[in-house]
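Me: I'm new to this one and would like a close look at a single part of it. Could you walk me through how the two halves of the fold meet?

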Amino acid sequence: MKRSQLFIKTQKDAPADEVAKNAQLLIRAGFVYKVMAGVYAYTPLGIRVVENIKQIVREEMNAINSGELIMTALQRPDTWQETGRWDDEAVDVWFKTKLKDESPLGLAWSHEEAIVEMMKQHVSSYKDLPQSVYQFQTKFRNELRSKSGIMRGREFVMKDMYSVHTTSDDCDTYYDAAIEAYKRVFDRLGIGDKTFVTFASGGAFTKFSHEFQTICDAGEDTLYVNADQTVAVNEEVLDDATKELGIDKTELKPVTSAEVGNIFKFGTEKSEKMDFMYTDKDGSRKPLYLASYGIGITRVMGVIAEMMSDDKGLVWTPSIAPFQVYLATIGDVDEQAQNLYESLQQAGVSVLYDDRDVRPGDKFADADLMGIPLRIVLSPKTLDKDSVEFKLRTQSEAEMVKTSDINHKLVEILKKD
Ligand code: ATP
Ligand code: MG
């Protein structure tokens with residue numbers, strides 16, 4: 001894409017009302033636009049990052065045989081009344097609205113009950129099972145506080161997956177496969193080494209649910225981790241979990257973290273409440289085993305913006321960067337830059353070509369602020385040597401690369417995962 005076609009203007013200063021670093025940076029660099037507290041729009045730059053994160057998650061969910069679908073943002077009250085969760089006392093984050101005839105509707109804060117309701121139409125025999133489905137959807141939550149930028153939105157994108165099984169064992173096996181898939185996701189996103197599977201409260205069936213917590217100063221949670229980082233427990237279940245694991249609480253040290261994912265087993269509890277049954281081989285009717293698996297897509301983007309940024313701006317990894325290359329020029333080399341822009345695109349490299357008539361320093365500042373992994377600069381000086389200048393966002397020094405070596409060199413440094 002050409003920079004002149006990107007409507008975005010970067011900003012020197014962060015908006016005064018924004019306290020979260022992720023939102024300050026993402027707004028300054030032109031990735032998000034703040035509509036109101038906890039409500040952000042994503043620009044052409046921002047949506048590319050969101051889509052790249054989604055694609056990694058999509059590939060890993062497909063790999064464990066889950067089928068992508070999309071539910072609706074508007075929901076029927078009766079679906080939630082079956083489990084008592086339409087009640088504001090039970091769920092305090094609902095945004096509710098009404099049709100013209102005054103009948104109530106809800107804006108989806110979750111899709112657990114909605115998915116079960118839909119699957120009831122299709123899944124009725126042991127022959128139909130097991131099943132797993134997932135979606136990327138907007139969730140609406142009337143959060144009390146929303147000061148963490150896109151890490152806590154009142155409107156945000158979640159990946160939610162649901163699996164259905166005839167036996168507890170089958171559910172356990174799938175659940176374990178989902179944990180491994182989640183680990184691959186966080187590795188590919190570049191935060192695997194800082195992300196832990198933790199024991200958390202809230203399991204309806206087993207005592208604990210599992211959360212994926214990423215060590216991050218801007219997080220809202222506290223995690224207790226042992227020295228070799230093999231055990232991680234949420235603060236809220238510390239006593240229970242350490243007792244269960246047979247470890248001494250004092251061996252675990254607190255760190256600040258952000259919840260990027262949460263997975264639950266429901267056992268048959270929800271199915272029984274919602275009459276989600278199947279007919280077994282012997283003709284008997286039995287309730288199904290359910291589990292759900294969430295990842296906060298936009299929260300993950302915020303966490304990465306927080307963790308990987310520096311004083312010049314964002315620092316994306318190639319796997320989720322909006323563009324892999326920021327192409328800039330010094331002096332009158334437009335024709336050569338245009339040729340390189342085209343040939344890089346033909347080679348499958350995503351390029352943001354800064355074709356604006358502005359000072360080179362401004363182009364470089366934007367390349368850094370936007371966090372594009374590789375900056376390539378052309379000038380009469382570099383072209384005299386049949387070369388261009390390469391600079392990784394993570395390095396301070398540029399290096400000269402022969403024009404004939406560009407493709408080879410790119411493959412080496414932009415390895416996607
Ligand atoms: P939290 O404890 O942070 O409020 P939660 O336990 O209510 O989150 P879940 O219902 O388990 O969240 O949702 C699945 C995932 O969606 C979470 O692990 C988190 O990554 C993300 N998420 C939850 N609430 C928000 C929000 N308000 N903004 C952005 N992402 C969110
Ligand atoms: Mg949670």
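How far apart do the C-alpha centres of domain 1 and domain 2 lie?

Reply: Keep in mind that this is a predicted model. The C-alpha centres of domain 1 and domain 2 are 38 Å apart. Twelve residues from domain 1 and twelve residues from domain 2 make up the contact. As for where those domains run, the domain assignment puts domain 1 at 3-310 and domain 2 at 323-414.

Now for the interface itself. Between them, domain 1 and domain 2 bury about 1,100 Å², and 58% of that is on carbon and sulfur atoms. On the domain 1 side, Arg3, Thr10 and Arg48 lose the most area to domain 2, together making up 51% of what that side buries.

There's polar pairing here too. Across the interface of domain 1 and domain 2 the rule finds seven residue pairs in polar contact, both residues being at pLDDT 80 or more. On the side of domain 1 that touches domain 2, the elements giving two or more residues are helix 1 (21-28) and helix 2 (44-63).

Next, the charged pairs. The rule finds two salt bridges across the interface of domain 1 and domain 2. Elsewhere in your view, look for aspartate 310 and arginine 393: their side chains meet in a salt bridge, at 2.7 Å from N to O. You can also pick out Arg3 again, as Arg3, Asp354, Arg356 and Asp366 are linked in a network of salt bridges.

Helix 2 is worth following a bit further. Glutamate 60 forms a salt bridge with arginine 184, with the closest N and O atoms 2.8 Å apart. That pair links distant parts of the chain, since glutamate 60 is in helix 2 while arginine 184 is in helix 5 (residues 168-188), 124 residues apart. The two partners can be described by their accessibility: glutamate 60 counts as buried because its relative accessibility is 8%, under the 20% cut-off, whereas arginine 184, at 36%, counts as partly exposed.

For a wider view, the count of salt bridges by this rule comes to 33. One more residue to find is lysine 120, which counts as partly exposed at 29% relative accessibility. Lysine 120 forms a salt bridge with glutamate 117, the closest N and O atoms being 3.9 Å apart, and glutamate 117 counts as buried at 18%. Lysine 120 also forms a salt bridge with glutamate 82, at 3.5 Å between the closest N and O atoms.

Definitions and conventions: Residues numbered from 1 in each chain as written. Chains lettered and ligands numbered in written order. Predicted model: local features only at pLDDT ≥ 70, side-chain atom pairs only at ≥ 80, totals over all residues. Heavy atoms only, no water. Domains from an automatic or database assignment. Contact = heavy atoms within 4.5 Å. Buried area = accessible area lost by both parts, 1.4 Å probe. Salt bridge = Lys/Arg side-chain N within 4 Å of Asp/Glu carboxyl O. Polar contact = N/O pair within 3.5 Å; in protein donor to acceptor, adjacent residues only side chain to side chain. Helix = DSSP H or I, 4+ residues; strand = E, 2+ residues; numbered from the N terminus. Buried < 20%, exposed > 50% of the residue type's maximum accessible area, 1.4 Å probe, protein only.
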